[in-house]
Amino acid sequence: MNLTTFLDVAIGLSLVYLGASLFVTIVNEYVAQVWKLRAKQLTADLQKLIDGKDAIEVLKANPAFRPFFEVGTIGGSYVDPKVFAQQLVGGLRTGAAGVATMNDLVTSINAMNDSKLKKQLLALSQVATDNVDKFVESVSGWIDRSLTMMGEVYKKRTQIYSFFIGLAIAAMFNLDTLGLATHLYRDKEAREAVAVLASDVVQNVSRETLEKCSKLGLEELRKDPACAGVNGLIESVQRRNETMGKLPIGWPAASVGSFPRWVTVGPGWPLTALAISLGASFWFDLLNRLVNIRHGMRKPVVASQPEGQSKP
């Protein structure tokens, strides 16, 4: 066995993981939309970030931000940090006349109730000196960075959900990593067929398309012509098309060499779930790299020389 064999095994596993992780991503998106998980997380994060009562009253004056701070309501799943900062800073000058100056803003901030937000705004005002626009920009950047860091909690939680959903899908479709790797290693025809399919996927699906289509529901995905390649990959894993039919996927389970099924399935399904939890984008990028490496390893075709003609 040469290096190409191991490369093709990696390509085959990456392709299966990509198809399965796309399915998991769609399920996650559906759950997030139905249960409003992103909106709930953003609402909780903003309430932790804006802890001053006067600032909350200022933001509640804007209908777009009111749901984030009223008891029993949930805001949207996105806020524009710049607009949020402008509303917050502008609202602190309620009743003040004329063009805003930093002196006015610092006076208004000092008049706020004691809170972590007040301390943060005062610290940012020291950097802005006398430039109000720079101050608003600093507040906007602080809000953006803070929400991004706080959003990591949501990402980690989603990854945990992805593992358990992936484990269920691995069992449902019998996606056994050890069984797949063993079969691909032993079956040259299956390796070559999967490598061809992987090459088609890489050529016909862009990363932008992948990210766009993975956020759609299954019905929307099937109806969108731009998502034909993504939908085809998901269905190839679900329904075992001609290429995937060469792999030990689905039920009834095919034996993998002389190994009993429980020997490979036991660790094989959790390994698949762990791989799927890395996300579709990870496997798409890796698949692109592997396919490009495989193309680069092809031996150049040497044109045949006419008889009697010597090489230059």
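The following questions and answers cover three parts of a predicted model: helix 10, two helix pairs and serine 115. Local features need pLDDT of at least 70, side-chain atom pairs count only at pLDDT 80 or more, and totals for chains, interfaces and linings use all residues. Residues are numbered from 1 along each chain as its sequence is written, and side-chain values use heavy atoms, with hydrogens and water left out.

User: What span does helix 10 reach from its first C-alpha to its last?
Analyst: Helices here are DSSP runs (H or I, at least four residues) numbered from the N terminus, and helix 10 takes in residues 188-204, 17 residues in total. The expected span is 1.5 Å times one less than the number of residues, which for helix 10 is given as 24 Å. Close to that expectation, the span reached by helix 10 is 25 Å.

User: Which residue caps the N-terminal end of helix 10?
Analyst: The cap is a polar contact (a pair of N or O atoms within 3.5 Å; within protein, one must be able to donate a hydrogen and the other to accept it, and residues adjacent in sequence count only if both atoms are side-chain atoms). A side-chain oxygen lies 3.0 Å from the backbone nitrogen of glutamate 189, and the residue that supplies this oxygen is aspartate 187.

User: Are helix 1 and helix 15 roughly parallel or roughly antiparallel to each other?
Analyst: Their axes, which are lines fitted to C-alpha atoms over the stretch in contact (heavy atoms within 4.5 Å), come within 9 Å and cross at roughly 155°. Angles run from 0 to 180 degrees between N-to-C directions, and those under 35 degrees count as roughly parallel, over 145 as roughly antiparallel, 65 to 115 as roughly perpendicular and the rest as oblique. Helix 1 and helix 15 are therefore roughly antiparallel.

User: How is helix 7 oriented to helix 8?
Analyst: The axes of helix 7 (residues 116-128) and helix 8 (residues 132-172) come within 9 Å and cross at roughly 135°. That angle makes the orientation of helix 7 to helix 8 oblique.

User: Does serine 115 count as buried or exposed?
Analyst: Serine 115 sits in the loop between helix 6 (102-110) and helix 7, where its side chain reaches the backbone nitrogen of lysine 118 at 3.1 Å. Buried means under 20% relative accessible area, exposed over 50% and partly exposed in between (1.4 Å probe, protein chains only). Because its relative accessibility is 10%, serine 115 counts as buried.

Notes. Helices (H or I, at least four residues) and strands (E, at least two) are DSSP runs, numbered from the N terminus.
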